[in-house]
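Here is a short report on strand pairing and salt bridges in one protein chain. Please keep the structure open while reading.

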Amino acid sequence: MLGIDPQDFKEQARKEIGEAATRKELFALKDKYLGRKGVFASLTGSIPGLSKEERPRAGSMINELKAEVSRLIGSREAEIGSSGAAGSVCVDAVDISMPSVSQYQGNPHPITKTMDDICAVFERMGFAVVFGPEIETEYHNFTALNIPLEHPSRDVFDTFYLEQKEQANRPKGGKLLLRSHTSPVQIRVMESRKPPIAVVVPGRVFRPDAVDASHSFMFHQIEGLMVDEGINFSHLKAVLESFVHSLFSEKTRMRFRPHFFPFTEPSAEVDISCIMCGGRGCSVCGRKGWLEILGSGMVHPDVLENMGIDSRRYTGFAFGLGIERIAMLKYGINDIRLFFENDLRFLRQF
């Protein structure tokens with residue numbers, strides 16, 4: 001049956017497998033007997049040519065022989081693996097001397113890292129971090145902030161307005177737009193909360209500026225707001241001094257310059273001593289020794305009244321700063337475009 005003697009077959013297989021000295025030789029024998037085109041595959045393929053009476057006996061014999069050959073190969077593989085004989089080759093061994101190929105792990109973008117660092121400073125002072133929508137209404141972005149209709153910032157050349165095909169879908173707050181600052185969130189906070197309020201608002205803002213080394217049509221800001229009884233300009237100064245010293249150094253000096261913002265009164269720009277030259281004057285600070293970092297002021301009484309907050313009882317301060325500006329100062333970067341080009345050679349430095 002099938003032209004083989006089971007006993008002779010076993011003896012022949014036992015002899016060949018026993019003489020295999022290396023894993024490579026054993027692998028060749030395994031392929032010879034058990035491979036897709038091996039001896040047992042050929043024997044199994046011959047079964048259909050047998051009579052109905054012979055087929056069961058042939059199948060049983062083949063299975064018995066296959067099990068025996070598999071046992072012999074497994075036993076010899078264990079012997080070769082434990083003997084450590086000279087000349088043996090382990091084809092599936094791992095070379096532990098080879099250097100590993102590690103997967104590069106990403107790290108926070110410098111803008112994200114700076115934003116987190118700034119928020120952490122204010123959180124330690126008791127401010128909560130809140131977020132708001134990037135698509136805003138005219139009311140939240142301008143009107144509630146005491147910005148009049150004739151103000152240049154409301155012009156289409158300074159704000160990204162969104163088209164609305166259906167007049168009926170226009171919200172109560174007027175036209176929709178991409179927010180031009182994070183100040184609208186202070187309005188939303190005062191709409192939903194009553195004093196005391198202490199929040200910082202990080203996020204993206206949009207303005208149709210021409211892109212150059214210091215401007216971008218999309219950038220990031222952090223808005224700060226505190227409203228409570230008895231809040232005055234001294235509190236604003238103390239909070240900002242603590243922020244500057246925490247983010248830069250205790251040696252960094254700060255000064256206020258009078259300014260105008262529709263939503264604060266009085267208003268001030270805040271400068272710090274140049275962190276590059278220590279205030280002596282260099283190309284970064286334009287030889288002036290000072291760097292402008294943010295705008296601030298006391299919340300205008302009209303803004304409080306617009307939110308239903310009694311301006312005779314409550315006062316507050318607000319401030320806003322550009323995150324890219326802070327990151328450029330902190331890391332010595334001279335071109336804002338580097339933040340958005342996604343060049344890994346630049347980003348991996350942080």
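The text below covers model confidence, then strands, then salt bridges.

**Confidence**

This is a predicted model. The mean pLDDT of the protein chain is 87. Of its residues, 93% reach 70 or more. One stretch needs caution: over residues 84-91, pLDDT stays under 50. For that stretch the model has eight contacts beyond four places in sequence.

**Strand E9 and its partners**

Strand E9 covers residues 315-322. Six of its eight residues are buried, so E9 is largely enclosed by the rest of the structure.

Which strands pair with E9? Strand E5, residues 218-228, pairs with E9 in the antiparallel sense. Eight bridges connect E5 and E9. Within E9, Gly316 stands opposite Val227.

Strand E8, residues 290-299, also runs antiparallel to E9. Five bridges join E8 and E9. Here Gly320 of E9 stands opposite Gly295.

**The E6-E7 hairpin**

Strands E6 and E7 form a hairpin, with two residues between them. E6 spans residues 254-261 and E7 spans residues 264-273. Their pairing is antiparallel and runs over seven bridges. Phe256 has Val270 in E7 as its bridge partner.

A salt bridge also spans these two strands. Arg257 lies in E6 and Asp271 in E7, 14 residues apart. Their closest N and O atoms are 2.5 Å apart. Is each partner buried or exposed? Arg257 is partly exposed, with a relative accessible area of 28%. Asp271 is buried, at 3%.

**Salt bridges across the chain**

Side chains of opposite charge can pair when their charged atoms come close. How many salt bridges does a search of the whole structure find? The search finds 19. Among them are the three pairs tabulated here.

| Pair | N to O distance |
|---|---|
| Glu68 and Arg14 | 3.5 Å |
| Asp117 and Lys330 | 3.0 Å |
| Arg257 and Asp271 | 2.5 Å |

Take Glu68 and Arg14, whose side chains meet in a salt bridge. Glu68 lies in helix H4 (residues 54-83) and Arg14 in helix H1 (residues 6-19), so the pair ties together parts that are 54 residues apart in sequence. Glu68 has a relative accessible area of 17%. Because this falls under the 20% cut-off, Glu68 counts as buried. Arg14 is partly exposed, with a relative accessible area of 34%.

The Glu68-Arg14 pair also belongs to a network of salt bridges. The network links Glu11, Arg14, Glu68 and Arg71.

Asp117 forms a salt bridge with Lys330. What does this pair link? It links distant parts of the chain, 213 residues apart. Asp117 sits in helix H5, residues 110-124. Lys330 sits in helix H10, residues 323-331. Asp117 is partly exposed, with a relative accessible area of 23%. Lys330 is partly exposed too, at 30%.

**In brief**

E9 pairs in the antiparallel sense with E5 and runs antiparallel to E8. The E6-E7 hairpin carries the salt bridge between Arg257 and Asp271. Helices H4 and H1 are tied together by Glu68 and Arg14. Helices H5 and H10 are linked by Asp117 and Lys330.

Note on methods
Residues are numbered from 1 along each chain as its sequence is written. This is a predicted model: local features need pLDDT of at least 70, side-chain atom pairs count only at pLDDT 80 or more; totals for chains, interfaces and linings use all residues. Side-chain values use heavy atoms; hydrogens and water are left out. Two strands pair if DSSP finds at least two bridges between them. Helices (H or I, at least four residues) and strands (E, at least two) are DSSP runs, numbered from the N terminus. A salt bridge is a side-chain nitrogen of Lys or Arg within 4 Å of a carboxyl oxygen of Asp or Glu. Buried means under 20% relative accessible area, exposed over 50%, partly exposed in between (1.4 Å probe, protein chains only). pLDDT is the predictor's confidence in each residue, from 0 to 100. Contact means heavy atoms within 4.5 Å.
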